[in-house]
Each structure stands twice: as C-alpha cells, then as structure tokens.
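Q: Please take a close look at one pocket in this model. I am new to the structure and would like its surroundings explained too.

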Amino acid sequence: MHPREQTIFALATGRLPSAIAVVRVSGPGAGAVLDALAGRLPPPRAATRVLLRNAVRQPIDDAVVLWFPGPASATGEDVAEFHVHGGRAVLAALFAALSAFSGLRVAGPGEFTRRAFENGKLDLTEAEALDDLIHADTERQRRQALRQLNGLLGDRARDWRARIIEASALIEAGIDFADEGDVPAELMAPAREKIRTLLGEIQEVLAAQGQSERLRDGLVVAIAGPPNVGKSTLMNQLARREVAIVSPHAGTTRDVIEVALDLDGYPVTVIDTAGVRETGDPVEQEGVRRAKARAAEADLVLWLIDAQNPLEPVAAVAPVWMVRNKVDLDAAGSANGTAQRPETVMADFRISARRGDGVAQLITALVGFAGAFFGSGEGGLIIRTRQRQWLQDAAGSLQRSLAGQGEELAAEELRAAAFSLGRLLGRVDVEDILDVIFREFCVGK
C-alpha cells in the first residue's frame with residue numbers, strides 16, 4: 001500500500017501529562033477505527049461522549065470523539081479525533097488499540113499538513129506559515145504567520161499567475177493569427193501592458209527590505225567587552241533571571257551564552273560573550289575567538305566598559321553601542337562620563353547593571369532599534385528565502401519577455417514566469433523540497 005493510502009495517527013497536543021490530549025487519525029480507515037473503538041460512528045462535526053474500548057472490549061477511557069468525513073476536513077481525508085484524558089497510561093492504552101488495526105501507522109513529522117497540502121486544502125506558502133505560527137515566540141511573529149496562513153502571499157501569487165496566463169493567451173493568440181495582418185499587433189500591445197503592470201507589482205514586493213524573513217529568526221544582540229565589566233550581570237538584567245554566572249574573577253564566561261527575549265513583540269536573541277583580552281589559557285583563548293566572531297555576525301553590539309577597562313570596541317559590521325557600566329561607583333561613574341566615545345560607536349549609555357540604573361532606558365532604545373531594524377517587515381509578503389527566490393525568477397522571466405524579440409520568445413518567458421509562481425505555491429514540480437519543508441514540523445501536525 002502506498003504511504004498516502006495508509007491511515008495515520010498521532011498525538012496532536014503537547015507534552016504529557018495534561019488535562020486533555022487529542023489524538024488525530026486521518027485516512028481511508030479513520031471511520032472504521034472510530035466505529036470500532038467508540039461502538040458507533042457519531043454525527044459529522046458533533047462532539048460526542050463515548051466509552052472507548054479496545055479489540056477485546058476492555059475500556060480505555062471516557063472520551064469525547066469527533067468525526068470529519070472527507071473532503072470537509074483539515075487534511076481533505078476522513079479524519080477522526082479522540083479527546084481523552086491526558087495521562088500517560090491512557091495514551092499508551094489508546095495507542096496500543098490503534099496500533100492493532102491493520103493499515104494504521106504512526107504519522108511522521110508534518111504528515112497531516114502535507115496531506116492537507118496534497119489535497120488542496122492549503123498551498124505551500126500557507127503550510128510554511130502554519131509551521132511559523134507553531135514556532136512563533138512573540139506577538140509580532142504570531143501576527144505575521146497568521147496573515148500568511150490566511151493567504152497574504154498565496155492569494156497575490158495566484159492572482160499574478162492568472163494574469164500572466166491571460167497575457168500569455170493574448171500573445172499565443174497573436175502567434176496563431178499571424179497571417180491576419182494587424183491582429184498580432186493589436187494583441188501584443190495589451191499583453192505587454194499587462195506584463196509591465198505585473199512586473200511593477202512583483203518588483204515592488206521584492207524591493208521592500210527583506211526584514212520579514214528576519215522577523216522569523218529575530219534580532220541578534222551581542223554583549224561584548226573586556227573581562228569583569230558586568231556583561232553577565234547585564235545579561236541577567238535583560239533576561240530578568242539568572243542565565244549567566246556572575247563572578248568577580250576574570251574569565252568566568254568562556255563560551256557564548258544565548259537567551260531569547262520578547263521585547264515589545266520583537267524576537268531578540270541576546271548573546272553573552274567571553275571577556276576580550278590577551279590570555280595564555282587555551283580555553284579562554286577559544287572563548288575570546290568565539291566572542292569576536294559572534295560580535296562580527298551580530299545585528300547590534302553592546303560594548304561594555306568601565307573605568308578600569310576602557311578597551312576600544314572590536315571590529316564589527318553591525319552598529320556598536322557603548323555601554324558604560326558601574327555608574328553606581330562614584331569614581332567609575334566619573335571616569336566613564338569623561339571617556340571619549342570612538343567614532344565607530346553609534347550611541348552611548350551609562351548604566352549600573354548590578355543596581356539596574358539606566359537599564360530601562362537601554363531596553364527602550366533596544367526596542368526602538370528593533371522597530372527600525374524590522375521596519376514594516378511584519379506586514380511584508382515575503383517571509384522565507386525560498387519565496388524570494390521564486391519571485392525573483394518570475395520577475396526575471398517577465399523582464400526578458402518584454403525585452404525579447406518576437407512573440408514566441410515572449411510567450412516562452414511567460415510560461416517560465418507562471419512556472420516559477422507555481423513552484424512558489426507548491427503546485428508544480430516541488431517534490432525535491434517538500435520533504436525538507438514538512439520534516440521540520442512536529443509529529444501530529
């Protein structure tokens with residue numbers, strides 16, 4: 001039996017134990033499984049309380065079941081759901097009963113969503129958005145993923161593809177009626193106008209800053225500086241919990257420590273790095289090397305100094321903010337206040353990481369930086385590199401269709417543009433990427 005013809009099942013809810021657990025079954029055998037365990041097939045889409053029993057009529061659980069005949073279901077197939085108590089023993093008994101059915105197997109990662117895609121319930125951009133929604137950590141990530149799930153890009157791509165096909169039909173009609181004198185010219189003019197309009201719309205989307213893609217991964221902020229300036233203390237202040245060891249001894253932090261934060265809905269990863277200094281300790285040397293490397297890759301570097309460690313910032317492509325720590329110590333505060341700011345530094349802050357002075361202002365500035373960094377990316381159409389690539393390919397084909405000599409070449413380039421948008425939506429020749437995309441999903445989705 002082909003895998004797509006098999007019936008699959010999996011836990012669709014989170015970690016056990018829990019108050020309620022939902023087990024989903026999808027495929028041609030879902031109805032028979034539900035009928036056997038529940039004793040009857042309930043009315044479609046009506047929650048029904050039943051006593052589940054296994055093959056030897058031993059009770060499993062007092063549960064609620066739902067029946068969704070295909071194609072009016074999430075996957076487009078027959079789907080049954082078992083809402084049971086979320087104890088490990090209950091789930092073990094239910095899974096044992098399900099595994100006893102012939103042709104029924106445990107679902108792989110993303111297999112329910114893949115079947116929904118293959119049955120036309122959603123396109124590939126919406127499937128990707130569903131994965132993003134599951135993994136969203138902040139409010140802005142959630143809103144962006146939900147808009148994509150509702151067809152923000154997919155609807156536009158379908159419209160573009162339909163209009164490309166219309167323009168292609170005009171050009172090919174002109175080719176078919178080439179012997180009719182002025183007919184080809186009459187058809188080519190409106191076709192070219194359609195293509196120019198389409199190209200402008202796609203180029204406008206592509207020209208928007210690519211920060212929508214970055215909203216998925218977040219802003220990376222590296223805290224760097226010499227040893228013993230309070231980097232780990234600042235890290236703990238930003239995280240509002242003890243994530244890094246704080247010690248008066250230099251070289252305590254020897255590796256890169258990361259923590260994910262939600263700053264006003266913006267996803268921010270803060271990195272605490274090893275103190276930058278000359279050292280003979282090979283382990284600390286490796287920590288310093290990693291610190292410089294992460295600072296060079298970060299989107300923003302917070303360079304911490306105090307009166308005793310006024311070291312120049314490391315070289316970084318990203319903006320560098322100087323953060324003068326330990327202002328609660330009079331001597332240090334005075335010295336920090338008079339130290340000259342290097343030209344490479346974009347901003348200057350004075351804080352006490354230990355006491356919290358100035359930290360709120362620093363966080364406010366970080367939120368402002370994140371807002372400028374992401375820009376209007378939250379509402380952008382493109383959220384993945386794959387999507388940008390296929391739109392670029394479509395735009396290139398449209399440009400060549402306008403620049404080419406002859407109706408035949410223009411028609412061929414339009415077919416290529418429509419094909420690129422079809423791959424964006426996952427409707428043509430995408431088997432090579434489906435496994436990569438859907439295996440990132442969790443089991444049961």
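A: What follows covers the second largest pocket, then some loops, then the whole chain.

The model is predicted: local features need pLDDT of at least 70, side-chain atom pairs count only at pLDDT 80 or more, and totals for chains, interfaces and linings use all residues. Residues are numbered from 1 along each chain as its sequence is written, and side-chain values use heavy atoms, with hydrogens and water left out.

Start with the space itself. The second largest pocket holds about 300 Å³. A pocket is an open set of points on a 1 Å grid over the protein atoms alone, where a 1.4 Å probe fits, with protein on both sides within 12 Å along at least five of seven lines. Points are joined across faces, edges and corners, and the volume is the space filled by probe spheres set on them.

Now the walls. The lining has 21 residues; each has an atom within 4 Å of a point. Nearest the centre lie His135, Asp137, Gln141, Arg216 and Asp217. By class, the lining has eight nonpolar, six polar and seven charged residues. Nonpolar means Ala, Val, Leu, Ile, Met, Phe, Trp, Tyr, Cys and Pro; charged means Asp, Glu, Lys and Arg; the others, Gly among them, are polar.

Which elements each supply at least two residues of the lining? They are helix 4 (124–134), helix 5 (139–149), helix 8 (211–217), strand 8 and strand 9. Helices (H or I, at least four residues) and strands (E, at least two) are DSSP runs, numbered from the N terminus.

Follow the two strands. The loop between strand 8 (257–263) and strand 9 (266–272) holds Asp264. Its phi is near 55 degrees, a positive value in a residue other than glycine. Asp264 is exposed, with a relative accessible area of 51%. Exposed means over 50%, buried under 20%, and partly exposed in between (1.4 Å probe, protein chains only).

Arg57 also has a positive phi, about 65 degrees, and is not a glycine. Arg57 sits in the loop between strand 3 (48–53) and strand 4. It is partly exposed, at 43% relative accessible area.

Two loops carry cis peptide bonds. One joins Leu16 and Pro17, with omega about -5 degrees; Pro17 lies between strand 1 (7–11) and strand 2 (18–26). The other runs from Gly70 to Pro71, with omega near 5 degrees; Pro71 lies between strand 4 (59–68) and strand 5 (79–86).

Finally, the whole chain. It has 15 helices and 12 strands. Buried residues make up 49% of its 445 residues.
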